[in-house]
Amino acid sequence: MTQDDRIATLEARIEELEAEQEKLREELARARLEQWEARADELEVQLHLGAMELRDRLEPIIESVRDQIAEARGRLEDGKFNATEVASALRSGIERAWEDLRSALREAKRTLSS
């Protein structure tokens, strides 16, 4: 084998290696993209789970507020209490519910942050 043949063989091998290297770079880029997609999917699942947990915690609080409003309306319409008494009872009930709601939101935020 002549020196020119060896040089041609080496150049051909270098081209093969460069092409293989390019394929490996593409595969690595695809693998990284898939990894980031998986992370995004995981975050989305975490978000949905957090939202479901938050909804599960908030629904009873909101239902309680609606019940208190309905009860206060019924008392007012039945004439059992005057408007001041109804408003006072309703306000204290809603303030408790609002505090429960804020606590649930704070805890959900802490859970999502960790």
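## Briefing: a two-helix chain

The structure holds 4 salt bridges. It is a predicted model. The protein chain has 2 helices and 0 strands. Its radius of gyration is 33 Å, well over the 13 Å that the globule rule gives for 114 residues, so the chain is more spread out than a compact globule. Along the principal axes, the C-alpha atoms fill a box of roughly 115 × 20 × 15 Å. Of the 114 residues, 11% count as buried.

**Helix α1**

- Helix α1 runs over residues 3-78.
- At 1.5 Å a residue, its 76 residues should span 112 Å. The C-alpha atoms at its ends are 110 Å apart, which agrees.
- A kink of about 25 degrees lies at L58 in α1. The proline P60 follows shortly after that kink.
- The buried residues of α1 are G50, L58, I61, V65, Q68 and A72. L58 therefore counts as buried, with a relative accessible area under 20%.
- Just after α1, G79 takes a positive phi of about 80 degrees.

**The nonpolar core**

- The largest nonpolar core has 6 residues. They are L58, I61, V65, A97, L101 and A104.
- Two elements give two or more residues each to this core: α1 (3-78) and α2 (83-113).
- L58, I61 and V65 of the core are also on the list of buried residues of α1.
- In soluble globular proteins, nonpolar side chains tend to be buried together.
- A104 is in contact with L54, R57 and L58, leaving aside its neighbours within four places in sequence. Of these partners, L58 belongs to the core along with A104.
- L58 also marks the kink in α1.

**Where distant parts of the chain meet**

- S64 has its place in helix α1. Its relative accessibility is 29%, so S64 counts as partly exposed.
- S64 and A97 are 33 residues apart in sequence. Their C-alpha atoms are 7.4 Å apart in space. A97 is one of the core residues.
- E53 also lies in helix α1. At 39% relative accessibility, E53 counts as partly exposed.
- E53 and A108 are 55 residues apart along the chain. A separation of 8.0 Å lies between their C-alpha atoms.

**Salt bridges in α1**

- E16 and R13 meet through their side chains in a salt bridge, 3.2 Å from N to O.
- Why can this pair be placed about one helical turn apart? E16 and R13 are 3 residues apart in helix α1.
- Both partners have intermediate exposure: E16 is partly exposed, with a relative accessible area of 46%, and R13 counts as partly exposed at 40%.
- E22 forms a salt bridge with R25. The closest N and O atoms of this pair are 3.8 Å apart. The cut-off for a salt bridge is 4 Å, so this pair counts.
- E22 and R25 are likewise separated by about one helical turn, being 3 residues apart in helix α1.
- E22 is partly exposed, with a relative accessible area of 37%. R25 is partly exposed too, with a value of 48%.

**Salt bridges in α2**

- The side chains of R102 and E99 meet in a salt bridge, 2.6 Å from N to O.
- R102 and E99 both lie in helix α2. They are 3 residues apart, about one turn of the helix.
- Salt bridges that share partners join E99, R102 and R106 into one network.
- R102 counts as partly exposed at 36% relative accessibility. E99 is partly exposed, with a relative accessible area of 32%.

Definitions and conventions: Residues are numbered from 1 along each chain as its sequence is written. This is a predicted model: local features need pLDDT of at least 70, side-chain atom pairs count only at pLDDT 80 or more; totals for chains, interfaces and linings use all residues. Side-chain values use heavy atoms; hydrogens and water are left out. A nonpolar core is a set of buried Ala, Val, Leu, Ile, Met, Phe, Trp, Tyr and Cys residues joined through side-chain atoms within 4.5 Å. Buried means under 20% relative accessible area, exposed over 50%, partly exposed in between (1.4 Å probe, protein chains only). Helices (H or I, at least four residues) and strands (E, at least two) are DSSP runs, numbered from the N terminus. Contact means heavy atoms within 4.5 Å. The expected span of a helix is 1.5 Å times one less than its number of residues. The bend at a residue is the angle between axes fitted to the seven residues ending there and the seven starting there. The radius of gyration is taken over C-alpha atoms; the globule rule is 2.2 Å times the number of residues to the power 0.38.
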